[in-house]
Amino acid sequence: GFRDEIAVEIVDYTAELPDECLAFVFQFLGPGDRNRCSLVCKRWFRVDGWSRHRLSLNAQSEIVSSLPSLFTRFDSVTKLALRCSRKSISLTDDALLTISIRCRNLTRLKLRGCREITDEGMSTFAKNSKKLRKLSCGSCMFGAKALNTVLDHCANLEELSVKRLRGIHDGAEPIGPGAAASSLKMICLKELVNGQSFAPLVLGSKNLKTVKIIHCLGDWDSVLQLIGNRNRNYKENLNCDINYGSSDSNRSPLMEIHLERLQVSDIGLSAISKCTKIENLHIVKTPECSNYGLVCVAENCKLLRKLHIDGWRTNRIGDEGLIAVAKHCSNLQELVLIGVNATHVSLSAIACNCSKLERLALCGSGTIGDTEIACIAAKCMALKKLCIKGCPISDIAIEALGSGCPNLVKIKVRKCRGVSSDAGEWLREQRGSMLINMDACDADCGFEASVSDIGVHETGVEVGQVTAVGASTSSNGRLALLRSKLGHFAGRNLVACTLRRWSNCDDSLNINL
């Protein structure tokens with residue numbers, strides 16, 4: 001009887017589950033948990049093998065002998081990442097050939113630090129991987145020849161991301177669209193010596209939606225002029241196609257452009273302003289760009305929904321450019337300003353005219369103070385997420401946010417010296433449902449703004465956790481002092497006057513769209 005009782009306790013209740021259900025459960029596990037589950041029993045080992053579609057390998061040369069057995073077990077892999085550290089020797093062309101033969105359904109490949117793979121190896125891989133849709137390669141030694149072969153044979157390629165390729169150097173052959181001319185939708189170029197060699201690829205990709213050029217050497221104004229002319233020709237051809245029924249109308253316009261740490265001037269910005277369908281634009285640390293270029297973009301790109309500007313504290317982009325954005329870009333939903341000295345003049349215009357603005361980040365600006373935040377609180381009715389970092393605001397601005405922006409759900413305040421650590425507690429009392437992330441501002445709070453610091457993503461401005469870092473949860477005395485302090489200011493009607501001042505737009509700033 002004791003043995004029967006033990007037998008009942010060790011019954012495998014998953015035995016009644018079909019393999020498909022067990023595989024579905026495995027999809028919700030991380031790699032580590034999934035590896036451990038595969039050791040439970042032979043059945044789980046087998047189900048994990050045929051149901052695993054994503055695999056990440058340490059691509060050292062030592063794993064070459066294990067590749068046949070590895071891909072015999074994982075025979076359904078469609079997404080593969082191969083990474084090798086700088087101190088190790090990576091797998092070679094022969095290993096990549098083995099992978100291309102074993103993984104016939106591969107749709108995504110990421111290569112990092114695979115320095116032993118040559119142009120010939122990538123060319124052979126491309127010929128065997130015609131289903132490839134996404135290729136990301138960084139810190140590898142192959143160059144233009146390999147990429148041209150990929151583009152010639154992978155007709156379904158949709159995304160290409162290239163970073164620090166040693167083979168892309170001055171004098172490298174141009175890289176063209178090849179068979180991927182109709183399928184390619186996104187191109188990302190990072191830290192390249194001769195990224196301009198990708199110009200034929202950008203111009204020849206008929207359905208290209210997104211171009212990201214980050215920290216690449218050389219002058220990019222000429223390339224951006226070609227991109228602008230491409231879009232102008234697209235508009236002219238589209239009008240011609242509508243009249244004569246030509247098939248060239250299948251060509252799609254650019255909708256997203258990222259320019260970061262580039263040698264780009266207002267010439268380049270005025271060129272991309274011809275891309276009138278742009279909805280997402282990043283101008284990050286391009287010190288030669290000024291208000292003139294931003295005005296050109298605003299006047300022509302009226303569908304703009306997301307705008308990120310990092311002025312790098314050059315003071316070349318300010319109120320003039322932002323007022324143009326407010327006047328022409330009424331669909332703006334997300335605005336990130338880093339190192340841009342905007343004042344209440346431009347912020348009032350944006351608050352009045354960009355009624356759909358939901359996400360706003362203001363970082364590293366010496367001109368954004370209590371008056372500017374009060375203006376935002378009074379007029380940005382649709383605002384849901386707000387990030388303020390390294391700006392000279394005080395508790396008065398926090399009080400304004402306590403009664404303004406009725407749809408605000410998340411707020412992040414960092415490195416603002418004038419904001420006390422108790423302000424978050426007071427704000428939480430006023431707006432109980434709001435997620436608040438505030439730090440205790442000490443005297444030494446240097447600021448270096450960057451996109452990664454403020455947590456800006458494609459989905460919006462991430463304002464962090466609920467907890468107010470450094471805020472006391474039981475400091476009733478200090479909280480009472482803060483209440484009396486804010487009450488003193490309210491008694492003097494300073495905040496109320498400020499709110500009333502900006503509750504109605506000044507006639508000179510009231511822009512009729």
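Cys275 is buried, at 0% relative accessibility. The structure described here is a predicted model. The closest cysteine sulfur to that of Cys275 belongs to Cys301 and lies 6.9 Å away, which is too far for a bond. A disulfide would require two cysteine sulfur atoms within 2.5 Å, and by this rule the count is zero disulfides. Cys114 likewise takes part in no disulfide, and its nearest cysteine sulfur, that of Cys140, is 5.2 Å away. The relative accessible area of Cys114 is 0%, and this residue is buried.

**The chain as a whole**

The chain contains 20 helices and 17 strands. Of its 513 residues, 50% are buried. Among contacts with a separation of 6 or more, 78% join residues that are 24 or more positions apart. The accessible surface amounts to about 23400 Å², and carbon and sulfur atoms account for 51% of it.

**Helix H7 and its surroundings**

Helix H7 covers residues 119-128, and helix H8 covers residues 144-153. Their axes come within 8 Å and cross at roughly 5°. Angles under 35 degrees count as roughly parallel, and H7 and H8 are therefore roughly parallel to each other. On the side of H7, the contact involves Asp119, Glu120, Met122, Ser123, Ala126 and Lys127. On the side of H8, the residues are Lys145, Ala146, Thr149, Val150 and His153. By class, this contact of H7 with H8 holds four nonpolar, three polar and four charged residues.

Which residues of H7 are buried? They are Gly121, Met122, Ser123, Phe125 and Ala126. These buried residues pack against helix H6 (93-102), strand E3, strand E4 (134-138) and H8. Met122 and Ser123 thus appear both in the buried set of H7 and in the contact with H8.

Strand E3 spans residues 108-112 and includes Leu111. Leu111 is buried, with a relative accessible area of 0%. Apart from neighbours within four places in sequence, Leu111 is in contact with Leu82, Met122, Ser136, Cys137, Gly138, Cys140 and Phe142. Met122, one of these partners of Leu111, is also one of the buried residues of H7. The C-alpha atoms of Leu111 and Val162 are separated by 9.8 Å, although the two residues are 51 residues apart along the chain.

**Helices H15 and H16**

A second pair of helices is formed by H15 (residues 370-379) and H16 (residues 395-403), whose axes come within 9 Å and cross at roughly 5°. H15 and H16 are therefore roughly parallel to each other. Asp370, Ile373, Ala374 and Ala377 of H15 make the contact with Ile396, Ala397, Ala400 and Leu401 of H16. By class, there are seven nonpolar residues, no polar residues and one charged residue in this contact.

**Helix H13**

Helix H13 runs over residues 319-328, and its buried residues are Gly321, Leu322, Ala324, Val325 and Ala326. They pack against two helices, H12 (291-300) and H14 (344-353), and against two strands, E10 (306-310) and E11 (334-338).

**Residues in loops**

Where in the chain is Trp312? Trp312 lies in the loop between E10 and H13. The phi angle of Trp312 is near 55°, a positive value in a residue other than glycine. Glu191 also has phi near 55°, again positive in a residue other than glycine. The loop that holds Glu191 lies between strand E6 (186-190) and helix H9 (199-204).

Ile89 belongs to the loop between strand E2 (79-83) and H6. Leaving aside neighbours within four places in sequence, the contacts of Ile89 are with Ala59, Gln60, Ser61, Cys84 and Glu116. Ile89 and Glu62 stand 27 residues apart in sequence, while their C-alpha atoms are 8.6 Å apart in space.

The accessibility of these loop residues is set out below.

| Residue | Relative accessible area | Class |
|---|---|---|
| Glu191 | 31% | partly exposed |
| Trp312 | 40% | partly exposed |
| Ile89 | 54% | exposed |

Exposed residues are those over 50% relative accessible area, so Ile89, at 54%, is exposed. Trp312, at 40%, is partly exposed, and Glu191, at 31%, is partly exposed as well.

Terms used: Residues numbered from 1 in each chain as written. Predicted model: local features only at pLDDT ≥ 70, side-chain atom pairs only at ≥ 80, totals over all residues. Heavy atoms only, no water. Axes fitted to C-alpha atoms, helices over the stretch in contact; angles between N-to-C directions. Helix = DSSP H or I, 4+ residues; strand = E, 2+ residues; numbered from the N terminus. Parallel < 35°, antiparallel > 145°, perpendicular 65-115°, else oblique. Contact = heavy atoms within 4.5 Å. Nonpolar A, V, L, I, M, F, W, Y, C, P; charged D, E, K, R; others polar. Buried < 20%, exposed > 50% of the residue type's maximum accessible area, 1.4 Å probe, protein only. Areas by Shrake-Rupley, 256 points an atom, 1.4 Å probe, with all protein chains shown as cover.
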